[in-house]
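Below are some notes on the structure you sent round, set out as numbered points for reading alongside the coordinates.

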Amino acid sequence: MCGAMLLVTLATAAQNNKLQVSGELRPRILLDNGYKTPAPKGESTPIYTTQRTRVNLLFRNDKFDTYISFQDVRLWGNDNNSNRSGVYGNTESLSIHQAWVKLNLTKSLSLKTGRQSFSYDDQRILSARNWNDYQVTYDALLAEYKTDKHRFHLGLSYNAENKTNLLYPTAQFKTLDFLHYQYQKDKLTLSAIGVLTGNTHTDTTKQVYYRGTYGFNGNYSTSTTSFRLSTYYQHNFNKIGGNVSAFCISAYAEQTLNDKLSLGAGIDYLSGNDEASTLSTNNRFDILYGRRHSWYGYMDYFSTTPDQGLQDLMTKLTYKPTGNIDIQMHGHYFKLAADKYDRSNPNQKLKNNLGQELDFIIKWKFYSMAELELGYSFYNTTTTLEKLKNVYGKSLKTPQFCYIMLTIKPSL
C-alpha cells in the first residue's frame with residue numbers, strides 16, 4: 001500500500017516538473033562578392049564558414065520556468081588555441097545566450113528576469129535578428145499580463161560596465177525600457193508599443209540622452225489574404241545630443257494566388273536628414289534593435305540606415321511545390337528619403353535612386369528537426385549608392401552574395 005502511494009506521488013511530481021533538452025547546430029558557408037558594400041575588381045572573393053552551436057535547458061512547473069542557453073559562435077579556422085598538430089578551440093567563443101527565470105504569479109500575471117530575447121510586432125525596433133549568429137539578447141526584467149484577447153508587456157533594463165564606473169559606451173544602450181499592448185480577435189491583431197532608450201552622450205561623460213519611440217501595428221489575415229500597416233514616431237526627451245523628430249511608415253499586403261503560389265508587395269519609408277536643411281533637428285529614424293536582414297534585402301546594404309533615410313519598394317513571390325519546400329524571390333527598389341548632395345560639387349543634388357536588389361531563397365525542411373537553406377542575391381548599383389558607400393570612381397565587381405545554411409534543432 002505504501003509502495004503504491006509512493007509511486008503515485010512520484011508520478012504526480014514528474015507530471016508537474018518537466019525538463020526539456022534541446023540544441024541547435026547551424027553551419028553556414030558564405031561567398032562574399034560585394035556583401036554590404038560593392039567590392040573593387042581585382043580583390044579576391046572571400047569564402048568562409050561560420051557555425052552556431054547551442055545547448056538549451058528548459059525546466060517548467062506550475063510555479064516557475066527556467067531557461068539556460070549556452071552558445072558557441074565561431075568562424076572555421078579562426079582559433080586562438082592551436083598548433084601545427086591540431087586545433088584546440090577558441091577561448092572567447094563560448095557564452096551564455098539566454099539565462100532567465102519566469103515566475104508564474106497568477107494565471108494571467110508573470111514576471112521574467114535575466115538574459116532574454118525580445119521580438120515584437122513587425123520586429124521593426126525590437127527583434128531577435130536570427131541572421132546574426134550571436135542574435136540579440138537583453139539583460140532585463142519583463143512583466144507579462146494576458147487574457148484571452150489582451151496582452152501587456154513591460155520591459156525594464158539598466159546597464160553598467162562595472163560596479164563603480166558610471167561611464168558606458170555610447171554605441172550601446174545604457175537603458176532600454178518598453179511598454180507593449182496587443183489586442184487579438186479572430187482575423188484582426190492590433191498592437192501599440194512605446195520604447196524609451198538612453199545612451200551616454202560620449203564614452204567619457206555620464207550624461208545620458210533619452211529618446212522615445214512609439215509605434216502602432218495593425219494586421220488583418222484570412223486564409224488567402226494578409227495586410228499589415230505599421231507606423232512609428234521618434235523624438236528626444238532632453239536636449240543632450242540634439243533634437244530628434246523622425247518617423248517610419250510601412251505597409252505590406254500578400255495574396256494567395258493558388259495552393260502553391262502567393263504574391264506580396266509593400267513599401268517602407270524611413271525619414272532622414274536633408275543635407276541642404278539649416279535646421280538642427282535630426283530627422284533620421286533609428287530602428288534600434290530591429291530586424292535588418294530580411295526587411296532591407298539579404299545583402300544588408302542598409303543594415304545601418306543612411307543619414308538621408310530610406311525608401312524601399314518591395315515585391316515578394318513565394319512558391320511551395322511541396323509541403324516541405326519553400327522557394328522565394330524578393331525584389332527591392334531602394335531610394336533615399338531626403339536630398340543628398342555631391343561632396344565634390346556641393347551645389348549638385350544627387351539622384352535619390354540607390355539601385356535594385358534581387359534575392360532568391362530556397363528552404364527545404366527535409367526532416368522535422370532539420371532544414372537546408374540556399375540563398376543568392378544580386379545588386380544593381382547606381383552612382384548615388386557608390387558615392388554613399390565611398391567607392392565611386394573605382395572599377396567595381398557586380399555585387400553578388402550567396403550562402404548555404406544547414407540548421408538542425410534536436411529536442412528531447
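1. With the side chain of which residue does the side chain of Asn 380 make a polar contact? The partner is Gln 356, and the two side chains approach to 2.7 Å. Please keep in mind throughout that this is a predicted model.

2. The surroundings of Asn 380 can be described a little further. Asn 380 sits in strand S19, which covers residues 370-380, and because its relative accessible area is 37%, Asn 380 is classed as partly exposed. Once neighbours within four places in sequence are set aside, Asn 380 is in contact with Leu 354, Gly 355 and Gln 356. Ser 93, by contrast, is separated from Asn 380 by 287 residues in sequence and by 36 Å in space, taken from C-alpha to C-alpha.

3. The salt bridges deserve a point of their own, and the structure holds 16 of them. In general, side chains of opposite charge can pair when their charged atoms come close. One of these pairs is Asp 133 with Arg 26, where the closest N and O atoms are 2.9 Å apart. Asp 133 lies in the loop between strand S7 (109-116) and strand S8 (138-146), while Arg 26 belongs to strand S1 (residues 18-33), so the pair ties together parts that are 107 residues apart in sequence. Both Asp 133 and Arg 26 are buried.

4. A second pair is Asp 342 with Lys 387, for which the closest N and O atoms are 2.4 Å apart. Asp 342 is located in the loop between strand S17 (325-335) and strand S18 (353-367), and Lys 387 in helix H2 (residues 383-388), so this salt bridge ties together parts that are 45 residues apart in sequence. Asp 342 and Lys 387 are both buried.

5. Asp 122 and Arg 124 also meet through their side chains in a salt bridge, at 3.5 Å from N to O. Asp 122 counts as buried because its relative accessibility is 5%, and Arg 124 counts as buried because its relative accessibility is 1%. These two residues are linked with Arg 228 and Asp 268 in a network of salt bridges.

6. Finally, the surface carries a nonpolar patch with about 950 Å² of accessible area together, whose members include Leu 188, Tyr 214, Phe 227, Tyr 233 and Ile 249. Strand S11 (188-200), strand S12 (208-221), strand S13 (225-236) and strand S14 (245-256) each supply at least two residues of this patch. Tyr 233 is found in strand S13, and because its relative accessibility is 38%, Tyr 233 counts as partly exposed.

Technical notes. Residues numbered from 1 in each chain as written. Predicted model: local features only at pLDDT ≥ 70, side-chain atom pairs only at ≥ 80, totals over all residues. Heavy atoms only, no water. Patch = residues over 30% accessible without salt bridge, like charges linked within 9 Å, V, L, I, M, F, W, Y side chains within 5 Å. Areas by Shrake-Rupley, 256 points an atom, 1.4 Å probe, with all protein chains shown as cover. Salt bridge = Lys/Arg side-chain N within 4 Å of Asp/Glu carboxyl O. Helix = DSSP H or I, 4+ residues; strand = E, 2+ residues; numbered from the N terminus. Buried < 20%, exposed > 50% of the residue type's maximum accessible area, 1.4 Å probe, protein only. Contact = heavy atoms within 4.5 Å. Polar contact = N/O pair within 3.5 Å; in protein donor to acceptor, adjacent residues only side chain to side chain.
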